[in-house]
Amino acid sequence: MKIVVCVKQVPDSWAEKKLDPADNTLDRDAADAVVNELDEFAIEEALQIQERLGGADKCTITVLSVGPEKAIESVRKGLQMGADDGVHVIDDALHGSDAPATSAVLAAAIDKLEPDIVLMGSESTDARMSVVPAMVAERTGRPQLTFAGKVDIDGDTVRVQRMTDYGYDVVEAPLPALVSVIEKINEPRYPSFKGIMAAKKKPVETLSLADLGVDVATVGLGGSWSAVEDFAARPPRSAGTIVTDEGDGAAKLADFLSTQKFI
Amino acid sequence: MAEVLVLTEHADGDVKKVTFELLTLARSLGEPAAVAVGDVSDDVVAALAAGGADTVYVASGTEYSEHVVAPTVTALQAALEASNAAGVLVASSADGKEIAGRLAVRTGAGVITDAVGVSDGFVAQQSVFGGSTLVHSKVTRGTPIIAVRPNSVPPEKNAGDGKRIELTVSLSDADRATKVTERVAQERAGRPELTEASIVVSGGRGVGSPEGFAVVEALADSLGAAVGASRAATDAGWYPHQFQVGQTGKTVSPQLYMANGISGAIQHRAGMQTSKTIVAVNKDPEAPIFDLVDFGVVGDLHTVLPQLTQEVKRRKG
């Protein structure tokens, strides 16, 4: 069994994020970069599947990231947690790629690596579109088992609980397949000191778009199928009314809700 | 005028409110045409006509609910081929966004999600980075596909012709690869769906315990609202994760959002900042949530909320 976990380097959730006025793309230098939080749950899920299947002899885990130089840190994080090796797709032409373009690069890498299971986080905390897993499934022809809150591998079948607005659906598909996980599916482990030391010796392959057979004209700002026309800081909300409850807070709030016709 | 396709969200013969909102939006962009898949009764078609659809493209069959996302993409693609549509609108729900994404890949068209408005020429308005930045985006290739958040426009009843056209859809083996074997509904106590609700009443760290959510739920029920929770509350196990509002949880954009015992960290703001009216109850006068509110009460939610519930019930008679 072979698992590929896709990870994305994103600006820290807690940092103020900005767009770069030069080309309307995310200013990635303006904030500290971290591995996308939900991808840590995907790495942990891969490690748990590996443990259930009997360890690295039975199942290998490759961490895959597409992104600039710094994205190697996210691959390293996966290796420190316990993944076996890494693949970093890096190319100057990638800057400004939208979701369809990014999904094409990931799909090309996945087709090359041929894993049984692709694991991803269900959204990135920067773009928050939640569409890349479905797009990669579409491009690679793999069944999509997205928004998984529980994953079981049963021989050649993968079964997940797909979280829905009303609860969850149990969905299943034959391998090879693509799974995206939600947070709280597990408790991602912290890398141990031993894990951090071991990660330094684990192999990371660097690939360019040419290595994957992806035409540079189909990615980056020029190859994207949507574009930001303009952006502006949201005008600050006009200061609201704040009252301190002295026994009449609820009545005052009710008055406000009445004038706004919510009651 | 070119058609604008709207993917219908419907369940048990009822068309969801967001579909009427999208039909209203479609009317401002072209000729509204609904696409409905699955068990499409005459009632569904009639509701779509009343909501403004001049044409209703129908792909009937049980396979749309037996499999995940992909069959609906194939049906939408068939509707695109059968029409002269200038654009496609879907609800920016989990399924809606995945359908939009796969359709974009399949048709070689650009896709925009989480739009809070769409204007002439399919220019989408989005609110990003926890609501701090407003962005206008445009699809630059193919027929634009835009996923629009619920509650972005008020639905107008402007009846259309509602002409029913059956689509011929041939599903592939790949469309059928992911099979739904069971559906598990979790108790929502008759409350509206969180992402669709006009009013959302949320609780956070200040609620203090699982039992504490009773006062939040009671207020929500008096207002006909959905209940949400902050990450602090779901992390503590006080309320189920599916109700989490914020980054890595649900994004809501209701007419009224009530944050109770929620400090208003950026993590939470990312999920609610496009709400039209925001009110908060919090003990801490320095809580950042008060920077966002139209009306705030500095006080203990365990005192204020039960009183407010009584007051709402009294005023509603």
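**View 1. Val243(A) meets its bridge partner, Val297(B), in β17(B).** This is a predicted model, and here we look at a spot where two chains pair up. The strands involved are β15 (residues 241-244) of chain A and β17 (residues 295-298) of chain B, which pair in the parallel sense over 4 bridges. In general, strands of a sheet pair through backbone hydrogen bonds, either parallel or antiparallel.

**View 2. Chain A touches chain B.** Zoom out a little: 64 residues of chain A are in contact with 73 residues of chain B. On the chain A side, the largest share comes from strand β14 (residues 226-233), with 8 residues. Sort that side by class and you get 33 nonpolar, 15 polar and 16 charged residues.

**View 3. An open sheet of 10 strands borrows one from chain B.** Follow the order β13(A)-β7(A)-β6(A)-β1(A)-β8(A)-β12(A)-β9(A)-β10(A)-β11(A)-β12(B), and you'll find the pairing is mixed. At the edges stand β13 (204-207) of chain A and β12 (179-185) of chain B; each has a single partner strand, so one side of each is left without a neighbour in the sheet. On average, neighbouring strands are turned by 30 degrees against each other, direction ignored.

**View 4. Strands β6 and β7 of chain A run parallel.** Here 5 bridges join β6 (residues 60-66) to β7 (residues 85-89). Look for Val66(A), which stands opposite Val89(A) in β7(A).

**View 5. Helices meet the sheet.** Helix α1 (residues 37-53) of chain A packs on the sheet, touching β1, β6, β8, β9 and β12 of chain A, and its direction makes about 145 degrees with that of β8(A). Helix α3 (residues 99-113) of chain A lies across β1, β6, β7, β8 and β13 of chain A, running at about 150 degrees to β6(A).

Technical notes: Residues are numbered from 1 along each chain as its sequence is written. Chains are lettered from A and ligands numbered from 1 in the order in which they are written. This is a predicted model: local features need pLDDT of at least 70, side-chain atom pairs count only at pLDDT 80 or more; totals for chains, interfaces and linings use all residues. Two strands pair if DSSP finds at least two bridges between them. Helices (H or I, at least four residues) and strands (E, at least two) are DSSP runs, numbered from the N terminus. Axes are lines fitted to C-alpha atoms, for helices over the stretch in contact, and angles run from 0 to 180 degrees between N-to-C directions. Two residues are in contact if their C-beta atoms, placed from the backbone, lie within 7 Å. Ala, Val, Leu, Ile, Met, Phe, Trp, Tyr, Cys and Pro count as nonpolar, Asp, Glu, Lys and Arg as charged, and the others, Gly among them, as polar.
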